[in-house]
Amino acid sequence: MTSPGEFELIQRHVLKSLSGERDGYDRFACADAGVELGPGDDGALLVPTPGHRLVVSTDTSNVDVHFPADAPAHAIGHRALAVNLSDLAAMGATPRWFTLALTLPEADTAWVDAFAEGLHALAHRHGIALVGGDITRGPLSIAITVMGEVPIGQALMRHGGADGDHLLLTGPLGGANAGLKAWQRGERDCKTSALAAYLYPVPRTRLGERLRTCANAAIDLSDGLWADLSHLCRASGLGAELSVPDSAYAPSLASLDANERSQAFWHGGDDYELLVSVAPARLGEAHQAAAALGHELIYIGKLSAHTNAIDGGPDNPGGWRHFGETS
Ligand SMILES: [Mg+2]
């Protein structure tokens, strides 16, 4: 148990680490950070871009629920921000600012430094500035609120899908789940593609920004393809007819048996790729937008007027399967 005095020390250290003093990181270095007043007062003053909507999203990562207690602190910092950036990507938003509420069980400065390093490295890559935070004591938990911007009328939403839209993935799925299983088996080399996919997901923010002008609907794949596709279909009042190619399966699934492979692909989650629906007339534009960023969109089927059911999904590839009225 940490004494109050010790916790004050860690609090000072965390603030120092998070402000970037320790490693020279400048959280406002990204051009046009739009911060009139940063941390230090009772609140931050931010300057939204005229003609844009602010997109706000919150996600909490709890120890032993969302990540293993013995995961590297650097990866925990990366992942906590990545899952939030992924929601901005799904809305087609440009990342701008974030706040952090960090709950720590003990005064471990080495842990905090590694955590801050993972967090800052990703924040820097995506041009998002930390504008406030709060540190408390308790079981390890990281709550992050991200704010992004999107030109008025261009936000991607789950309900925008239309009958006949192509369903496209921004990358193969199942790799993160294979990584989680590898971690649970005791593998610890974070450089392997499977562990990296689980511990260091790459949010598709730049792709989301590009696709916002040509996609009708989007969702990020946090809960698994079956659940997230069902959310998109339900919101759009449609069903889907799927024809999933082998290229949609992450290469690291090749070593699993058929059941495990199917489970990881459809229900594994944590991949943080995007699923977008694009009208046939806009496909060329969407593929070009992806290619400009070095991505290849993977076609997995079409939205269909058949409501609340998906054809070609898991377990029953040859028939319609209902996903019900509620999740
Ligand atoms: Mg989401």
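**A friendly tour of the core and the magnesium site**

Guide: Welcome! In this predicted model, Asp87 is buried, with a relative accessible area of 19%.

Visitor: Is Asp220 buried or exposed?

Guide: Buried means under 20% relative accessible area. Asp220 has a relative accessible area of 3%, so by that cut-off Asp220 is buried.

Visitor: Which residues coordinate the magnesium ion?

Guide: Two side chains do this, at 2.1 Å. One comes from helix 2 and the other from strand 8 (residues 217-220), so the pair ties together parts that are 133 residues apart in sequence. The coordinating residues are Asp87 (OD) and Asp220 (OD).

Visitor: Which helix gives the most to the largest nonpolar core?

Guide: This core holds 40 residues, and Leu81, Phe98 and Phe115 are among those that touch the most other members. Elements giving two or more residues include helix 1 (4-19), helix 2 (73-90), strand 4 (94-104) and helix 3 (109-125). With eight residues, the element that gives the most is helix 2.

Visitor: Where does this core lie with respect to domain 1 and domain 2?

Guide: Domain 1 (4-151) gives residues to the core, and domain 2 (158-322) does too. Because both give residues, the core lies between them.

Visitor: Which residues does Ile142 touch, not counting residues up to four places away in sequence?

Guide: Ile142 is one of the core residues that touch the most other members. Leaving out residues up to four places away in sequence, Ile142 touches Asp59, Thr60, Ser61, Phe67, Ile76, Ala80, Leu100, Ala101, Leu102 and Phe115.

Conventions:
Residues numbered from 1 in each chain as written. Predicted model: local features only at pLDDT ≥ 70, side-chain atom pairs only at ≥ 80, totals over all residues. Heavy atoms only, no water. Core = buried A, V, L, I, M, F, W, Y, C linked by side-chain atoms within 4.5 Å. Buried < 20%, exposed > 50% of the residue type's maximum accessible area, 1.4 Å probe, protein only. Helix = DSSP H or I, 4+ residues; strand = E, 2+ residues; numbered from the N terminus. Domains from an automatic or database assignment. Contact = heavy atoms within 4.5 Å. Donors = N, O, S within 2.8 Å, 3.2 Å for Na, K, Ca; no water.
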